[in-house]
Structure formats: structure tokens, C-alpha cells
Amino acid sequence: MKCCACGAEKCDLVYHYPAPAITSLSSILEVETRVYICSACGHMQSADLPDVQKFYDTEYQISLTSEDADQLYDVVDGVPVYRTQYQAGLIVDFVDLPKGAAVLDYGAAKAKSLFRLCERRSDISPHVFDVSEDYRSYWQGWVPKEQQATYSAPAEWNGRFDLITAHFVLEHVREPVEIFSDIARLLSPAGRFFFSVPDVLGNPADMIVVDHLNHFTRTSLPVALDRAGMKIERIDTSRLRGAFVVVAVLKQASEKVPGPERAAVETEIRSLNACCESWHTAENLVATAQAGSAGKKVAIYGAGVYGTFVYARIRNSGGAVCFVDRNPHVHGRDHLGVPVVPPEALPADVGILYVALNPAIARKAMADLGLDRREGLELVYLS
Ligand SMILES: [Zn+2]
């Protein structure tokens with residue numbers, strides 16, 4: 001497989017799991033999971049989905065997280081902070097926007113982050129672009145018609161934008177360098193390109209979700225941007241959980257940006273391999289627990305990607321009586337046909353609880369809830 005970041009034919013298959021696969025929206029697809037690492041630049045990528053179009057038309061609609069409601073990012077002093085609000089705040093923190101700036105949300109979908117940005121900065125001139133017509137109704141009333149584009153951004157927009165944003169877009173595309181090049185065409189000479197993509201090392205769940213075709217790394221991001229005539233001005237992994245926040249700018253025509261150092265690429269590759277290994281470990285721990293679970297009631301803590309991963313592996317041998325999740329938006333609903341309940345409603349006769357959370361926080365989460373001390377309850381961790 002060719003690397004879609006650096007273009008080298010140097011990708012090794014590092015993880016393979018037969019069907020079923022998990023999507024980023026915590027649904028199950030009956031396809032294989034294949035993940036590759038490029039030994040030249042340290043990019044990780046997943047095999048194409050067999051029918052990407054069908055996936056985005058149908059599968060994307062049906063999972064828990066596809067609700068129209070804005071995703072909750074955090075609760076600060078009892079006040080909910082929504083993801084799009086948070087993203088708009090990051091833009092203001094990371095980019096010094098000139099007065100009256102022309103701003104384009106690339107791959108905008110409903111363009112809620114741009115809407116939030118306009119609330120904070122009424123002087124900016126909002127533009128939206130998406131490959132679908134589906135979102136027109138969300139843009140009406142606040143984005144002038146001539147500042148909306150679908151399928152391709154018009155040539156009149158070349159060199160226009162002081163800021164282009166792309167929130168969690170690039171992980172879904174097969175040819176990210178083509179998208180970066182298109183964005184470079186639209187940026188003004190001093191413009192900024194602000195984007196976010198998952199950081200697989202900060203959020204290991206990103207590795208197994210099959211609709212994320214790209215898993216960018218510290219070494220592959222600059223390589224992919226360089227091929228599109230851009231370079232990184234700022235990169236951050238602390239402000240948005242499990243993600244890279246990147247600000248890129250156009251390179252000068254004559255400017256040569258050195259590629260990543262060999263040692264850095266190798267460090268990256270070692271960490272990625274460890275991530276693959278952790279998923280094999282998780283599979284083994286689930287299989288072992290399952291073998292010893294006969295006659296016991298089983299529940300899964302976490303109705304997200306990790307919970308779906310566990311469910312997909314135990315569904316043919318009894319499944320689970322419920323998912324347990326702290327997110328109040330999912331209580332009283334079904335996930336994969338199984339009810340989702342709050343921690344306090346975990347039935348007393350459940351004997352095995354799979355702790356399907358990011359392993360970095362799993363043990364503490366159970367201790368905080370006192371579930372690690374509950375009589376007759378065996379906790380199964382994924383690490
Ligand atoms: Zn590469």
C-alpha cells in the first residue's frame with residue numbers, strides 16, 4: 001500500500017482483524033480492519049472501506065453520536081462546554097485574525113464552529129465549503145449565498161482567505177495531500193490554516209475505527225503539508241483531548257523544509273507498534289474473560305468505541321445485559337440493541353463488568369465510582 005502522506009511504497013501491515021470492525025461513531029461494520037505504518041515517514045493509515053459512499057449515506061446516521069445535538073466536550077464548574085464552542089475558542093487563541101478576515105470552513109458540514117466563531121467575532125466574513133449539498137439549510141441566514149460552495153471551491157476564491165479551518169476532516173479522506181493542496185490554493189499569502197485531526201497515540205481508539213483512513217503522526221503531518229506547499233507554524237496535543245491542533249502557513253516558493261529526522265520517525269513507529277500491540281492485548285483479555293464467564297451476567301462500562309469493540313467480540317456468546325455510561329445523553333437508550341444505564345443502575349446480579357474505557361483512565365474511573373470494591377463483581381480491564 002502506498003503512503004498517502006509521503007507517497008512512498010513503504011507501508012507495512014501492522015494490524016489485522018477479521019470482521020466485524022468498529023466505526024468512529026461506535027457502530028459495527030461487517031468488514032475487516034487493516035492498519036498499515038509507513039516506514040519512511042511514520043504515517044499510519046487504514047485500508048479503504050469497501051463502500052465509503054454507503055457508509056456515509058446510511059451508517060453515519062444511525063449511531064448514538066449522530067444526534068443533532070452538539071457533542072458535549074467538557075463540564076466546567078457545572079456548565080456544559082460543547083465541542084464547537086470549544087473549537088471556536090481554540091481558533092481565537094491560536095490565530096491572530098485581522099479585522100474583517102475572510103474565513104473558510106473547509107469540509108464544513110453544519111459549520112457550527114464557524115457559527116460560534118462569528119458569534120465571538122461579528123466582523124469576520126464567513127465562507128463554507130463541503131462536498132455535499134446536504135448542509136445548505138444549516139448555512140442559510142448567516143452565510144451569504146455567494147460565500148457557500150459545494151463539490152469544489154470556485155477559482156474566484158483562490159488566494160482569498162485569511163483563515164481556513166478543517167475540524168476532523170482529514171482523517172476521513174483517502175488523499176490528504178490533495179486536500180492540503182486545495183487549501184493552499186485558497187489561502188492568502190499570509191493566511192493561516194487551522195485544523196484538527198485525531199492523535200492516535202493520545203487516543204488509541206482512533207487506530208481501530210475503520211472510517212478513519214489516516215492516523216497522522218508528528219512526523220507524517222509535516223511531510224504531507226510540505227508536499228502541498230505548507231509548513232507547520234504551531235502544533236499542539238494538549239488543548240484538544242486525543243487530537244492534534246495544527247496551524248500551518250504557506251511556504252515561500254524557494255523555501256526548503258527539512259524532512260523529519262530518521263530517529264524521530266523510528267520513535268514514532270515504535271510507539272505506533274506498541275499501540276497495535278495494546279489492541280492485541282485487549283483482544284486476549286476479552287477472550288480470556290469470556291472463556292471464564294459462563295453462567296455469569298455480563299455488562300460493559302462505556303458505550304463508546306471501546307465498549308463497541310468489546311461488544312463485537314462477545315456478542316455471539318451471550319453479549320451483555322447492558323452498557324453502563326456516565327453520559328446522561330445516552331441513558332434510557334439502546335446501543336446496538338442493548339440498554340444503556342447510568343453507573344448507579346448497574347444491576348446487582350452482574351458478575352462481570354468489562355471496563356471499556358481508554359486504558360489510561362480506566363482504573364481510576366472504576367475506583368472513583370467504587371466499582372472496584374463491589375462484592376461479587378469482577379472487573380475486566382483492556383490493559
Ligand atoms: Zn509515508
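In this predicted model, the mean pLDDT of the protein is 92, and 95% of its residues reach 70 or more. One stretch departs from this picture: over residues 61-68 the pLDDT is below 50, although the stretch has 15 contacts in the model beyond near neighbours in sequence. Where pLDDT is low, the predicted coordinates should not be read in detail.

**Domains and the core between them**

The protein is divided into two domains, domain 1 (65-258) and domain 2 (292-381). Their C-alpha centres lie 35 Å apart. Contact between the two involves six residues of domain 1 and five residues of domain 2. On the side of domain 1 that touches domain 2, five residues are nonpolar, one is polar and none is charged.

The largest nonpolar core has 104 residues, of which I164, I183, I300, Y354, V355 and A356 touch the most other members. Helix α8 (residues 262-291) gives the most to this core, with seven residues. Where does the core lie with respect to domain 1 and domain 2? Both domains give residues to the core, so it lies between them. In soluble globular proteins, nonpolar side chains tend to be buried together.

A356 shows what surrounds one of these core residues. Leaving aside neighbours within four places in sequence, A356 is in contact with I300, Y301, G302, Y306, G307, F309, V310 and L382. I300 appears both in this list and among the core residues that touch the most other members.

**Helix α3 and strands β11 and β12**

In helix α3 (residues 112-120), the buried residues are K112, S113, L114, R116 and L117. They pack against α2 (83-94), β8 (102-106), β9 (125-130) and β11 (161-167). An α-helix has 3.6 residues a turn, so residues three or four places apart point the same way.

Strand β11 also pairs with β12, in the parallel sense and over six bridges. Within this pairing, A166 has F195 of β12 as its bridge partner. Strand β12 (residues 187-198) is mostly covered, with nine of its twelve residues buried.

**A six-stranded sheet**

An open sheet of six strands follows the order β18-β19-β17-β16-β20-β21, and its pairing is mixed. The edge strands, β18 and β21 (378-381), each pair on one side only. The mixed character can be followed at β19. Strand β17 (residues 322-324) and strand β19 (residues 338-341) run parallel and are joined by two bridges, whereas β18 (residues 334-335) and β19 pair in the antiparallel sense over two bridges. In β19, V340 stands opposite F323, and V338 stands opposite H335. The hairpin of β18 and β19 has two residues between the strands, and L336 takes a positive phi near 55° there. In a regular strand the side chains alternate between the two faces of the sheet.

The strand pairs described above are collected here.

| Strand pair | Sense | Bridges |
|---|---|---|
| β11 and β12 | parallel | six |
| β17 and β19 | parallel | two |
| β18 and β19 | antiparallel | two |

**Two loop residues**

R160 and F216 both sit in loops: R160 between β10 (148-150) and β11, and F216 between β13 (214-215) and α7 (220-227). Is each of them buried or partly exposed? R160 has 18 C-beta neighbours inside 10 Å and therefore counts as partly exposed, whereas F216 counts as buried because it has 29 such neighbours. The cut-off for a buried residue is 20 or more.

Leaving aside neighbours within four places in sequence, R160 is in contact with A102, L186 and S188. One of these contacts, S188, belongs to the residue range of β12 (187-198). R160 and R185 are 25 residues apart in sequence, and their C-alpha atoms are 8.9 Å apart in space.

With the same neighbours set aside, F216 is in contact with H43, V197, L221 and F244. V197 falls within the range of β12 (residues 187-198), and L221 within that of α7 (220-227). F216 and V310 are 94 residues apart in sequence and 25 Å apart in space, C-alpha to C-alpha. V310 is also among the contacts of A356.

Definitions and conventions: Residues numbered from 1 in each chain as written. Predicted model: local features only at pLDDT ≥ 70, side-chain atom pairs only at ≥ 80, totals over all residues. Domains from an automatic or database assignment. Contact = placed C-beta atoms within 7 Å. Nonpolar A, V, L, I, M, F, W, Y, C, P; charged D, E, K, R; others polar. Pairing = 2+ DSSP bridges. Helix = DSSP H or I, 4+ residues; strand = E, 2+ residues; numbered from the N terminus. pLDDT = per-residue confidence, 0-100. Core = buried A, V, L, I, M, F, W, Y, C linked by C-beta atoms within 7 Å.
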